[in-house]
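Hi everyone, thanks for coming. I'd like to walk you through a structure that's probably new to most of you, so let's put it up on the screen.

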Amino acid sequence: MASLHDRLLVIDGLIFHSDGDPRWLREGNISAVNLTIRSPIDDFEQTFDSFATWRRRAADPASGWKLVLRGEDIDAAKAGGKVGLIMGWQDTKMLGDRAERIECFHALGLRVVQLTYNEACPVGDGCLEKRNAGLSNFGYEVVAELNRLGIAIDLSHCGEQVCFDAAAATTQPVLLTHANAKAVTNRVRNKSDEAMRAVAKSGGLVGASIHGFMNWDGNPANPPTLALFLRHLRHIVNLVGIDHVSFGTDMAALASEQAANAILEMSFTRYGGATADYIRAFGNTLAKRYPDELNNPRLMHRKTDALLADGYTESEVEKIMGLNLRRVLGEIWG
């Protein structure tokens with residue numbers, strides 16, 4: 001009999017980079033991913049090229065990918081043994097000050113947009129901005145346009161006030177695709193209980209993450225573990241309820257870990273306020289950004305096993321691992 005994990009619909013709320021090789025994802029029985037198709041420092045031409053590259057890749061029957069434009073495409077990817085490609089951004093810099101560009105990017109297949117990365121942009125402040133300003137007037141315009149088009153709004157790297165403002169202004173559920181609980185571990189990328197409640201009140205989801213930056217307690221003698229992740233998850237479930245929880249690993253999907261080195265270096269040099277202490281403790285390699293028990297997508301079955309061992313029922317595991325995100329993305333996309 002197949003294990004529970006083999007039967008699950010698994011949707012990873014955030015894969016930060018891929019070179020086009022889906023093998024790690026398929027080995028982990030991951031049926032769809034919100035894939036960041038552009039780096040936060042890419043220019044307009046690089047952004048356009050990323051759409052062209054991924055659309056062509058997904059159109060190739062031998063690629064192992066299926067382009068996801070609506071909820072049913074995730075189901076088809078699962079049935080066909082492929083990985084559903086949900087094209088996403090982790091910033092809005094490519095909009096400049098023109099919200100009308102969103103419709104063009106939507107036509108290319110954009111389906112998830114994080115309003116800010118770590119720093120401020122015309123939409124609002126990221127989580128590293130000390131002033132914690134909320135949405136700008138333009139930011140409210142962007143939220144309304146994303147709602148109109150049915151593009152999911154992600155608040156994971158956003159400043160706290162941007163989270164509150166967006167959750168109050170939205171007419172669709174909003175997401176924290178990869179963020180943990182500040183009440184458990186006070187890291188800059190984690191969210192307050194109040195912010196997570198605001199996301200859940202919109203009908204949205206809090207995607208707990210195994211990423212070491214968000215689970216580490218700050219002691220170099222205590223590397224991140226699955227047990228620390230489970231503490232965050234239990235807090236979030238108790239706070240917002242099982243129907244408002246998903247997950248986002250913030251991992252990469254690659255043929256070789258070397259392909260991620262440039263992004264790892266960019267993260268360290270550009271956003272040291274969020275990463276430097278962790279990297280000093282554990283190094284700047286892809287594997288060490290995650291618990292040793294689960295440092296690659298192909299090991300995803302260990303997360304399912306850990307959830308069961310921690311007392312979650314099979315139906316609760318199904319929701320956390322993919323059914324909640326499938327439901328909410330279907331609502332947003334229409």
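Let's go straight to R289. Leaving out residues up to four places away in sequence, R289 touches H211, G212, F213, L264, S267, Y278, I279 and N284. Keep in mind as we go that this is a predicted model. If you're hunting for R289 on the screen, look in the loop between α12, residues 272-282, and α13, residues 301-309.

So what does the R289 side chain make a polar contact with? That's the side chain of N284, at 2.9 Å. And here's the curious bit: R289 is buried, yet it has no salt bridge. The nearest side chain of opposite charge belongs to D250, and that one is 6.8 Å away. A salt bridge would need the charged atoms within 4 Å.

Okay, on to the nonpolar cores. The largest one has 85 residues, and the members touching the most others are L115, V142, L155 and L233. Which helix gives the most to this core? Helix α10, residues 226-240, with eight residues. Let's zoom in on V142: setting aside neighbours within four places in sequence, V142 is in contact with L95, A99, I102, L115 and V123. There's also a second, separate core of 15 residues, and I11, V68, I74 and I86 are among its members.

Last stop, the strands. Is β5, residues 110-114, mostly covered or mostly open? Mostly covered: five of its five residues are buried. Strand β5 pairs with β4, residues 83-89, in the parallel sense, over three bridges. To find one of them, look for W89, whose bridge partner in β5 is V113.

Methods:
Residues numbered from 1 in each chain as written. Predicted model: local features only at pLDDT ≥ 70, side-chain atom pairs only at ≥ 80, totals over all residues. Heavy atoms only, no water. Core = buried A, V, L, I, M, F, W, Y, C linked by side-chain atoms within 4.5 Å. Buried < 20%, exposed > 50% of the residue type's maximum accessible area, 1.4 Å probe, protein only. Helix = DSSP H or I, 4+ residues; strand = E, 2+ residues; numbered from the N terminus. Contact = heavy atoms within 4.5 Å. Lys, Arg positive; Asp, Glu negative; His and termini not counted. Polar contact = N/O pair within 3.5 Å; in protein donor to acceptor, adjacent residues only side chain to side chain. Pairing = 2+ DSSP bridges.
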